[in-house]
Each structure stands twice: as structure tokens, then as C-alpha cells.
Amino acid sequence: MELIKLGLKQQVSAKLVNMKFRITRHTTDLNRIIDFYGRILGLKVLGEFKDHHSYSGIFMGLPGESWHLEFTVSDTTPVHQPDDDDLLVFYASSLEEFAAMKTRFVKNQVKQVKPPNPYWAKNGITFADPDGYRVVISIIRISST
């Protein structure tokens, strides 16, 4: 509300259009993460860094998109406390893509978990990643309203 009063609404909106988005998470095993998010989920390694202030890591996502995931490792062991509602949701663009993604998870014996939110139980399938965080695979639904 204060942004509107200050006349900054238009300026802020214009800046958000070009914003990039990154989620970063510390892990203990980059190879397992690359396998899970790369081979099983289908993301690409977009970049990497080594020994930057005692951290090494990778950036994963889809080329040309304005978002990516970053996973890091260091001498410090992460203390993960994922909640069952901490989700990364990936939307398939078709039923065929959804089925192919689901098949890769099942073939690789990735643990399917029941989401506490009934919306995701009805509109997707939920798996646990190597660090215990939840990943939902859903499908984009075009609404007529």
C-alpha cells in the first residue's frame, strides 16, 4: 500500500518483469542432487563453481528460463528440517510429459510420499528428493475462466 502512495508502483512492477529467480540449498552430495534433478527430473546443469570461499556448487534449470536452482556443498554439514509442505512444484506441459516424468521417478525407485495438502494429492504426484525435500509433479491446466 505504501508503494502506491509513494508513486513507486509502476517502477516496482517494471523491475519485477526482468527479475531472475534462484532457490539455493546446501547439500552433502552434489552427485545425488545432479542425478535426481538432472537425469530423473530433466533439469540441465547451467553452470558451476568450485572452491568459492570454501563452497562449490551447481546451477540447474532449463536453458532460457528466468529461474534456476543452486545446490552447494562445503565443509559445513547442512542441518535440514524440511516440512512436509516445503515443496518444489514442477508443471508438465502435457499428459504425455507428466506420464514420462512419473515413469522416470518410479523406475528409479524414488520414494513417493503423501502430501498433507489434499490439493496436491488430487492434482499431482509427490516424491522426496535426496535431502528429504518434497517435489511435486503436476500438469498445467488451462482454465476457461
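In what order do the 3 strands of the open sheet stand? Here are a few friendly notes on that and on the rest of the fold; please keep in mind that this is a predicted model.

1. **The open sheet.** The order is β5-β7-β6, and the pairing is mixed. Strands β5 (87-92) and β6 (124-128) stand at the edges with a single partner strand each, so one side of each has no neighbour in the sheet. On average, neighbouring strands here are turned by 25° against each other, direction ignored.

2. **The β5 and β7 pair.** These two strands run parallel and are joined by 6 bridges, with β7 covering residues 134-139. If you would like a place to start looking, Tyr-91 stands opposite Ser-138 in β7.

3. **A helix on the sheet.** Helix α4, residues 95-107, packs on this sheet and touches β5, β6 and β7. The direction of α4 makes about 150° with that of β7.

4. **Strand β4 and its cover.** Moving to another part of the chain, β4 spans residues 67-73 and is mostly covered. Of its 7 residues, 6 are buried.

5. **Partners of β4.** Strand β1 (residues 21-26) pairs with β4 in the parallel sense over 6 bridges. Within that pairing, Phe-21 has Trp-67 as its bridge partner in β4. Strand β3 (residues 55-61) also pairs with β4, but in the antiparallel sense and over 5 bridges. There, Ser-56 stands opposite Val-73 in β4.

6. **The hairpin turn.** Strands β3 and β4 form a hairpin, with 5 residues between them. Should you be checking backbone torsions, have a look at Gly-64 in the turn, which has a positive phi of about 90°.

7. **The overall layout.** How many helices and strands does the protein have? There are 5 helices and 7 strands. Read from the N terminus on, the elements run α-α-β-α-β-β-β-β-α-α-β-β.

8. **Contacts along the chain.** Taking the contacts in the protein with a separation of 6 or more, 52% are between residues 24 or more positions apart. The parallel pairing of β1 (residues 21-26) with β4 is one part of the fold to view with that in mind.

9. **Burial and surface.** The protein has 145 residues, and buried ones make up 34% of them. The exposed area is about 10000 Å², of which carbon and sulfur atoms supply 53%.

Key. Residues are numbered from 1 along each chain as its sequence is written. This is a predicted model: local features need pLDDT of at least 70, side-chain atom pairs count only at pLDDT 80 or more; totals for chains, interfaces and linings use all residues. Side-chain values use heavy atoms; hydrogens and water are left out. Helices (H or I, at least four residues) and strands (E, at least two) are DSSP runs, numbered from the N terminus. Buried means under 20% relative accessible area, exposed over 50%, partly exposed in between (1.4 Å probe, protein chains only). Contact means heavy atoms within 4.5 Å. Accessible areas come from the Shrake-Rupley method with a 1.4 Å probe; for residues, only the protein chains shown count as cover. Two strands pair if DSSP finds at least two bridges between them. Axes are lines fitted to C-alpha atoms, for helices over the stretch in contact, and angles run from 0 to 180 degrees between N-to-C directions.
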